[in-house]
Amino acid sequence: RLQLESPLFQKLQLSELPPISELLLSNVPPGTLVVTLQIHDNFLYMGATCSPPPDPDPEARAAKLQHVTTRVAVREVELHSCIQKLSELNLLIEKELISSVEVDASFSAQYCDILRQVDTFLIKPLVTDLVSHFWQWGLGATHPSNPKQLLLLPDNFLWPLPLERFPSLLGLFAPPGHAAFARDFSLHLTAMRARTTPPCPRAVSTVLLTDPFNDDVLRPNEDPKSETMCAMHKRLIETKVVGGAEKSINGQTLTPSPQDIKGMLADCTMFLSLGFGRFFTAMQARHLLSQDLRHIKLFALFMRAQNDGAFRRQTKADSMKSIKQQAMENSYGTPLLAAFRGVQCSIQVGAPVPVNLNMRCLETFAKGIQAGKPVAKALEEVLALTTDDPARRYERTLEGGAIPGAAPVDPKKGAPPPAEGAEELLPEHTRTAYFVVGVAWQPSETEAPVTKKK
């Protein structure tokens, strides 16, 4: 029965999977550089291989497979100390966001300085080996053998590090380069995602769960005409950016029960969530684990915003959970649980983020998915957002979605290109928070337009 009905059990049958060479040739897009990173006994071990470009002769294509393995000495205690310091800084930033709309500049600078040190001393030497083996014609060359994207397979020790945003890795691809990256837990799980078919195919449908407990309120110093999360939710539904109007829920109209959220997951193929704290505050992990989610192509959680009410709720919810349960609800455990239940691709937020920026990111991402762009490309558009007035980056959008200080946008022409001298909208700390897990480079399926009955 487990073999027939349990997606988790099926994914654990590694003995029935083809050899790794066949997985690379059949289940990984051509031109994908797969890099596994493992910490063991004071060494960082790296194994890398690249799926060859298409070739009508399968044997000739298989012969082009090449790999490289190497290791770098590392003091595990020092690396663990760095990761622990990053966690502590995130906790301080989260507490600051309770009373402020901005990321504290001092904490952010310390956070980014630690990441630069890890990149310089740990990742950069590995990148040098990758370039010499897989970019033999140069990084700027358009040779068909050069990798087009990179799948990272870090172990749970390295998982908290935002490797996709490290300059040494981003430098492997043409700027901005964010769309070239995804991560996963193992090559076998990546292959299983590609090979999994839902038992009962569903029509393409996107649903949005927003601020389940209606925690979002405007602060006294914010423009009273600004949008709250629930107001933006209604606008995205009305403008058909999110098509599943009947199944989407916002906390202003209904406080969803776990059964309501399970119903949303059961009826959609793409699930988006915007809110405060962690997703499992609204629904415990056991409810997710009880579902077969092989029909879910995208599980995008734009969470980790914070305010006073949400922080108190999160603290109370955590006090009733065991340490082991809390550990499974972090940025490693959440996408892992989703993957074991059959989800193809997840978007996670690994650090606290300002409310207004998270709202802008969700809207930009949803529009990219609506346009049929791959998840990785839609996320790149989020990370590449710019602002003409950096002093107003933390201001919310106004009613109707207008950006404060920006010229009105013609819906027919779309957003104009960034002005000369425009700065990145997201601060460096916020850019490192977003990452994609799983199958990220396939074009998103678009919903069929709703036609009115005569």
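1. In this predicted model, the buried residues of helix H9 are Met 229, Cys 230, Met 232, His 233, Arg 235, Leu 236 and Ile 237. The helix spans residues 229-238 and is mostly covered, with seven of its ten residues buried. The cover over these buried positions includes four strands, S6 (206-210), S7 (249-250), S8 (270-276) and S9 (298-305), together with helix H15 (355-370). Just beyond the end of H9, Lys 240 adopts a positive phi of about 65°.

2. Within helix H9, His 233 merits separate mention. Its relative accessible area is 4%, so His 233 falls under the 20% limit and is buried. Leaving aside residues up to four places away in sequence, His 233 touches Leu 208, Thr 210, Ser 248, Ile 249 and Asn 250. Strands S6 and S7 are both among the elements that cover the buried residues of H9.

3. The aromatic pairs come next. The model has 13 of them. Phe 271 and Phe 299 make a stacked pair, because their ring centres are 5.6 Å apart and their planes meet at 20°. Phe 271 belongs to strand S8 and Phe 299 to strand S9, so the pair ties together parts that are 28 residues apart in sequence. Phe 271 is buried at a relative accessible area of 0%, and Phe 299 is likewise buried at 0%.

4. Phe 302 and Phe 365 form an aromatic pair of the tilted kind, with 5.3 Å from centre to centre and 50° between the planes. Since Phe 302 lies in strand S9 and Phe 365 in helix H15, this pair ties together parts that are 63 residues apart in sequence. Relative accessibility is 0% for Phe 302, which therefore counts as buried. Phe 365 also counts as buried, at 0%. Strand S9 and helix H15 are both included in the cover of the buried residues of H9.

5. One aromatic cluster is formed by Trp 159, Phe 185, Tyr 332 and Phe 435. A member of that cluster, Trp 159, has Arg 183 lying over its face, at 4.7 Å from the ring centre. A further arrangement of charge and ring involves Arg 71, whose charged end sits over the ring of Phe 43, 3.8 Å from its centre.

6. Arg 294 is placed in the loop between helix H11 (285-289) and strand S9. What is its exposure class, buried or exposed? With a relative accessible area of 11%, Arg 294 is buried. Between Arg 294 and Ala 266 the C-alpha to C-alpha distance is 9.9 Å, across a separation of 28 residues in sequence.

7. The second largest pocket holds about 1,300 Å³ of space. Its lining comprises 44 residues, and those nearest the centre are Ser 87, Arg 304, Asn 330, Ser 331 and Gly 350. At least two lining residues are supplied by each of helix H5 (76-99), strand S9, helix H12 (308-319), helix H13 (323-327), helix H14 (333-340) and strand S10 (345-349). Helix H5 provides the largest share, nine residues. By class, the lining of this pocket has 21 nonpolar, 15 polar and eight charged residues.

8. Which residues lie nearest the centre of the largest cavity? They are Phe 213, Asp 215, Phe 276, Arg 278 and Thr 281, out of 14 that line it. This cavity contains about 100 Å³ of space, and the structure holds three cavities of 30 Å³ or more. Helix H12 contributes the largest share of the lining, three residues. The lining of the largest cavity divides into seven nonpolar, three polar and four charged residues.

9. The second largest cavity has a volume of about 50 Å³. Val 35, Leu 37, Met 46, Ile 123, Leu 126, Val 127, Leu 130, Leu 152 and Leu 169 form its lining. Strand S1 (32-40) and helix H6 (105-134) are the elements that give two or more residues to this lining, and H6 gives the most, with four. The lining consists of nine nonpolar residues, with no polar and no charged ones.

Definitions and conventions: Residues are numbered from 1 along each chain as its sequence is written. This is a predicted model: local features need pLDDT of at least 70, side-chain atom pairs count only at pLDDT 80 or more; totals for chains, interfaces and linings use all residues. Side-chain values use heavy atoms; hydrogens and water are left out. Buried means under 20% relative accessible area, exposed over 50%, partly exposed in between (1.4 Å probe, protein chains only). Contact means heavy atoms within 4.5 Å. Rings of Phe, Tyr and Trp (its six-membered ring) pair if their centres lie within 6.5 Å; planes under 30 degrees apart count as stacked, over 60 as edge-to-face and the rest as tilted. A charge sits over a ring if NZ of Lys or CZ of Arg is within 6 Å of the ring centre and within 35 degrees of the ring normal. On a 1 Å grid over the protein atoms alone, a cavity is a set of points where a 1.4 Å probe fits but cannot get out, and a pocket is an open set with protein on both sides within 12 Å along at least five of seven lines; lining residues have an atom within 4 Å of a point. Grid points are joined across faces, edges and corners, and a volume is the space filled by probe spheres set on the points. Ala, Val, Leu, Ile, Met, Phe, Trp, Tyr, Cys and Pro count as nonpolar, Asp, Glu, Lys and Arg as charged, and the others, Gly among them, as polar.
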